[in-house]
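Colleague: I should like to go through the terms applied to this structure and the grounds for each of them. Could we begin once it is displayed?

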Amino acid sequence: MNATQPPRGWPGVGAQLAGRLARLDLRGPRDVLLHLPLRYEDETRLTPIARLRPGFPAQVEGEVLGSEVVLRPRRQLVARIADDSGTLVARWLNFYPSQQKLLAPGGRVRLFGEARGGFFGLEMVHPRLRAVAPGEALPDALTPVYPTTAGVGQITLRKLVAQALQSEPLDELLPAAWLHRLGLPGFAEALHALHHPAPDADPFALEQREHPAWQRMKFEELLVQQLSLRRAWLARRAQAAVALPARALLTAALLESLPFRPTGAQARVGAEIAADLAAPHPMQRLLQGDVGSGKTLVAALAMLQAAENGWQAAMMAPTEILAEQHWKKLSAWLEPLGIGVAWLSGSRRKRAREAELARLASGEVLLAVGTHALIEDPVTLPRLALVVVDEQHRFGVRQRLALREKGEGGRRPHMLMMSATPIPRTLAMTHYADLDVSVLDELPPGRTPIRTRLVSDVRRDEVVARVRAACLEGRQAYWVCPLIEESEALQLQTAQDTFATLVEALPELRVGLVHGRLRNEEKSATMAAFSAGALDLLVATTVIEVGVDVPNASLMVIEHAERFGLAQLHQLRGRVGRGTAESVCILIYAQPLSQTGRERLKVIYENIDGFAIAREDLRIRGPGEFVGARQSGVPLLRYADLELDAGLAEPARELAEHLLAHDPAAANALMRRWLGGREALLRA
Ligand code: ADP
Ligand code: MG
């Protein structure tokens, strides 16, 4: 992944060892300094054999009574060791002749390991073994245990660390005032404390990484991450883009023609985006807004700002259904204003597609909506100045970048990325800190809150009756089929079975079915029928998860809700509650519930706010899984933990700003120290 040079002049490290160390991302003494221990072992004390407690690591010293290689139940080296208090059996399943030699009767050894009760009394399996002279002093510091890889022993790592602590400058790169304010020790002090903890250091605090020395290193790591993200942000500001000043021609006309007024949040975010677009460098903005907060209008206004300047804008959506819905909505809004919208998707016939392509390529049509078909080769948008990516988390980094490349003449288009999966602030700060973030934190007025019901699947009939009653009153309902992650075929089968059962159970209703395997025209016809009210009940797989907007639908049923993720449940539930009728979401679950399944259902039942749900999701799943595919090039955190160390993240961000403005040399030195030649290549 990185093309760093092999280390030059790393004393005592030959080519073979260097190769192995490189696997740990250690390419020189400076890297070794920051290779911090995983945990510590207390070899400063000896435990009398009689006082060993099963399950606790401890060190004993004694005389070898005897040792032998036994062959049953499998080949192993077995030794008996005695001290004044008792005797202990030690076993090694893999061993070297050198170890056998150390275990000659009469030898003095120290063993470090976990004792457990064995058939012949207490024993240690695979203890660490060392020969000692009688009366040899004990180490006066806790022994660090480093992360390692095959062929690199702890002793080697310790030696390299000791060398590096001698040879490397341990310059303090953080301002003293900040350290003082945050109560953090200096760099050299922290490194010594971690690599050579004092004998009286609290091993528990060290292991839990709460020790001030750990806090210092985590803070510096977070700081470097912020520095590289800020740098990327500044680099983007240095690029050229088309300035699209707000002319309030088409945008004003659209607002005029709508039957509603923008919410306060839409107006605020719209103004932020309008100001970004007017600048001659590319916007890179993430618009977060909960399900139903009205992101599409904000996007439409941005696209119109491009059009009223004579430039093109393209909006990409992750599913056919959603792209088509956007196209219809934008056309309905914009065609009366004389603005054409091209629609590109795999479902369009070749002739229609080619006509659209020609109109876009000639610049006759300024706005385009589509699926990833937009980034396919023959599409040219010669005057592309704005790219909108809806439900951006559904796209890979590469797809988002590909659309950006559709612009011509070396100009970067402005980018607006939209997401209804809110990212908690701590995560946004580290994963998207190179983006500007806008939040739509207000729902359009007149919505009645969605009521959520949890129903065991033994009461499925009652749910069916409820669907019947609602639809006979003129409402519409979704029925989401169980998610079957292991098999798409099975998932399809289940959807078809569910559809058949519901058709039979509800003869008085008009029931439709959509799933991912339908031909695009069929999908689109079914969605159109549901939208137009020609279907009462739509049985669906998760193809309707994102974006679908049918305001008259007010009942959502999700079967086997315990199988869905929190973000997914929140998205699905957001398909209702879009009109004025009171909406209900019924989550049918099957017993027995797993611990996480139960926890998730509780969260979704108790919370309606997407940000609160995302925070809970983060708590249940942890940040790694939460973000999924990482943003390209964001330096990984090795030590800091976004949740646990959230308190350090904010000051790290402030200090990053401060250093970039007032001490760029220190900023550079910090980035060199932590990233070396691996300087993060931030692109997105
Ligand atoms: P999302 O943020 O989930 O993409 P949409 O853009 O689909 O939300 O908007 C949800 C619904 O709210 C749509 O039917 C849209 O036309 C409507 N809407 C958007 N803004 C407003 C507003 N200010 N007042 C009333 N309805 C609005
Ligand atoms: Mg949307």
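**Terms and their grounds**

Modeller: The centres of domain 2 and domain 3, taken over C-alpha atoms, are separated by 69 Å. This is a predicted model, in which local features need pLDDT of at least 70 and side-chain atom pairs count only at pLDDT 80 or more, while totals for chains, interfaces and linings use all residues. Residues are numbered from 1 along each chain as its sequence is written, chains are lettered from A and ligands numbered from 1 in the order in which they are written, and side-chain values use heavy atoms, with hydrogens and water left out.

Colleague: What are the domains into which the protein chain is divided?

Modeller: They are domain 1 (15-40 + 149-208), domain 2 (45-138), domain 3 (249-440) and domain 4 (450-607). Their bounds come from an automatic or database domain assignment.

Colleague: What makes the contact between lysine 295 and ligand 1 a polar one?

Modeller: A polar contact is a pair of N or O atoms within 3.5 Å; within protein, one must be able to donate a hydrogen and the other to accept it, and residues adjacent in sequence count only if both atoms are side-chain atoms. A polar side-chain atom of lysine 295 is 2.7 Å from an oxygen atom of ligand 1, so the pair qualifies. For the side chain of threonine 296, the distance from an N or O atom to a ligand oxygen is 2.6 Å. Serine 293 contributes a backbone N or O atom, 3.4 Å from an oxygen atom of ligand 1. The protein covers 89% of the 570 Å² of accessible area that ligand 1 has on its own (Shrake-Rupley method, 1.4 Å probe; for residues, only the protein chains shown count as cover).

Colleague: Which residues surrounding ligand 1 are the closest?

Modeller: Of the 17 that surround the ligand, the closest are Gly292, Lys295, Thr296, Arg447 and Asp549; a residue is near if one of its heavy atoms lies within 4 Å. The shell divides into four nonpolar, six polar and seven charged residues. Asp, Glu, Lys and Arg count as charged, Ala, Val, Leu, Ile, Met, Phe, Trp, Tyr, Cys and Pro as nonpolar, and the others, Gly among them, as polar.

Colleague: How many cavities of 30 Å³ or more does a search of the whole structure find, and why is such a space called a cavity?

Modeller: The search finds two. On a 1 Å grid over the protein atoms alone, a cavity is a set of points where a 1.4 Å probe fits but cannot get out, and lining residues have an atom within 4 Å of a point. The largest cavity holds about 70 Å³, a volume being the space filled by probe spheres set on the points, which are joined across faces, edges and corners.

Colleague: Which helix gives the largest share of the lining of the largest cavity?

Modeller: Helix 21 does, with four residues. Eleven residues line the largest cavity, with Thr421, Pro422, Ala567, Ile613 and Ala614 nearest its centre. By class, six are nonpolar, four polar and one charged.

Terms used. On a 1 Å grid over the protein atoms alone, a cavity is a set of points where a 1.4 Å probe fits but cannot get out, and a pocket is an open set with protein on both sides within 12 Å along at least five of seven lines; lining residues have an atom within 4 Å of a point. Helices (H or I, at least four residues) and strands (E, at least two) are DSSP runs, numbered from the N terminus.
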